[in-house]
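Student: Could you take me through one part of this model in detail, and then place that part in the whole chain? I would like the cut-offs along the way.

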Amino acid sequence: MPVTISISTDIDSYEICTDTLEKNTKWLLTASKIKDHTVSVVLLDDAQMAGFNKKYRNKDGPTNVLSFPAGDETSQMFPGESLKDLGDILISVETAKREAQNEKKQLARKLDELLIHGFLHLLGHDHERSEKEALAMWDEEKRIYKDMKHRRRKTMTHLAINVDHVATIRQARGITEPDPVLAAGICELAGAAGIVVHLREDRRHIQDRDVYLLRDTIKTKLNLEMAVSKEIIGIALDVKPDMITLVPEKRQELTTEGGLDVIANEKKIRKTVEKMNKAGIPVSLFIDPDAVQIEAAVDTGATFVELHTGCYCDATTEKERDQEFLLIERSAELAFDSGLRVNAGHGLDYLTTARVAALNTIEELSIGHAIITRAVFVGLDQAVREMNEIIMRAN
Ligand code: PXP
């Protein structure tokens, strides 16, 4: 085990993702080309930290992070050992939380920054000897943080816009206006990276004509959402969208309610994926952020999963929202590490999107309702630009 994470304080497991901390610490060893070393990270409280601060630095009160290099003699390899000890990084979770709040940052980001700071101390960096060294260490911290954050993603997170809601308004009157095809063009002009439509079996909003026209007119990417239905599969193979997203579909629902049960429908889904792959159409599976569904998705041969963000968006307390977010973050990491490409969507709005867009495992966000409803008041062009700005800033 090159990295040990120990927790000697009461922490809410939803607040701190120790798996991510462990992965990031391993990445620091690899990026510093010292994979043959071990390092230990200890999460503690202010009282414990104050004890170490007094004992080893003769300073009163807690601090955010302390590093203890292993020292020359212990960094030798003993018989039977395969790894050298780099040392220990102690982080006070209480101080980290206070600092995160003051600096208006996510706790996870603050912990990563403290981890990097402590790690650089173990490598011999120091900010107390001279101003020059302090500036060099600060620069190095910023550089490493940036590399760490972007290590996974090959591209930025993009915005794909679902224009079903425009078709819903049209169908309410049963006439030709407003046209989702025109809406798609405006979305593209305003900076959308893709257009999403759901051709439902009951044709309650998007019509066949919309899908065919969109195929001919849009310049970005067409993502066709659909159920595993013989009729719609036939249309998809004819239209050849840039990708399809398989979703569960119920007649009674107002919108897609939950993710696909990939395990229960594995045979049907696998067959559809095979057909689409043969036609050169990548398949995404819309699933809940659930490890078991992700593992099943890998087995179907799908290229993408789209993680359902509905529970995160619908959360009514901050704690519940944090818990749901952590599920999305962990599921996105698992899916990415399993070789899937990862999208996310459902219910995202102008307040909930930034946090998801900042995840370095997610390629694309599929957003509809929030943008179309804002467009009623500010216009479609501006509504798209505002959402794009949120995503670009979070990247
Ligand atoms: N992703 C999927 C699979 C969906 O079914 C929907 C809703 O049509 C969305 C994303 C977009 O959700 P919303 O309209 O709430 O932004």
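Tutor: Happy to; here is a close look at helix α4, followed by the chain around it. This is a predicted model, in which local features need pLDDT of at least 70 and side-chain atom pairs count only at pLDDT 80 or more, while totals for chains, interfaces and linings use all residues. Residues are numbered from 1 along each chain as its sequence is written, and side-chain values use heavy atoms, with hydrogens and water left out.

Helix α4 covers residues 107-122, which makes 16 residues. Helices here are DSSP runs of H or I with at least four residues, strands are runs of E with at least two, and both are numbered from the N terminus. From the first C-alpha of α4 to its last the distance is 22 Å, close to the 22 Å expected at 1.5 Å a residue; that expected span is 1.5 Å times one less than the number of residues. The helix is largely enclosed by the rest of the structure, because 13 of its 16 residues are buried. Buried means under 20% relative accessible area, exposed over 50%, and partly exposed in between, with a 1.4 Å probe and protein chains only. After α4 comes Gly-124, with a positive phi near 105°.

Now for a contrast in another helix. Lys-55 sits in α2, residues 46-57, and is exposed at a relative accessible area of 63%. Between the C-alpha atoms of Lys-55 and Met-387, which are 332 residues apart along the chain, there are 51 Å.

Stepping back, the chain holds 16 helices and 12 strands, and its C-alpha atoms fill a box of roughly 80 × 50 × 35 Å along the principal axes. Of its 395 residues, 48% count as buried. Taking contacts as heavy atoms within 4.5 Å, residues 24 or more positions apart account for 67% of those with a separation of 6 or more.

Finally, the cysteines. Zero disulfides turn up in a search of the whole structure, a disulfide being a pair of cysteine sulfur atoms within 2.5 Å. For Cys-311, the closest cysteine sulfur belongs to Cys-313 and is 9.3 Å away, so the two are too far apart for a bond. Cys-313 itself counts as buried, at 11% relative accessibility.
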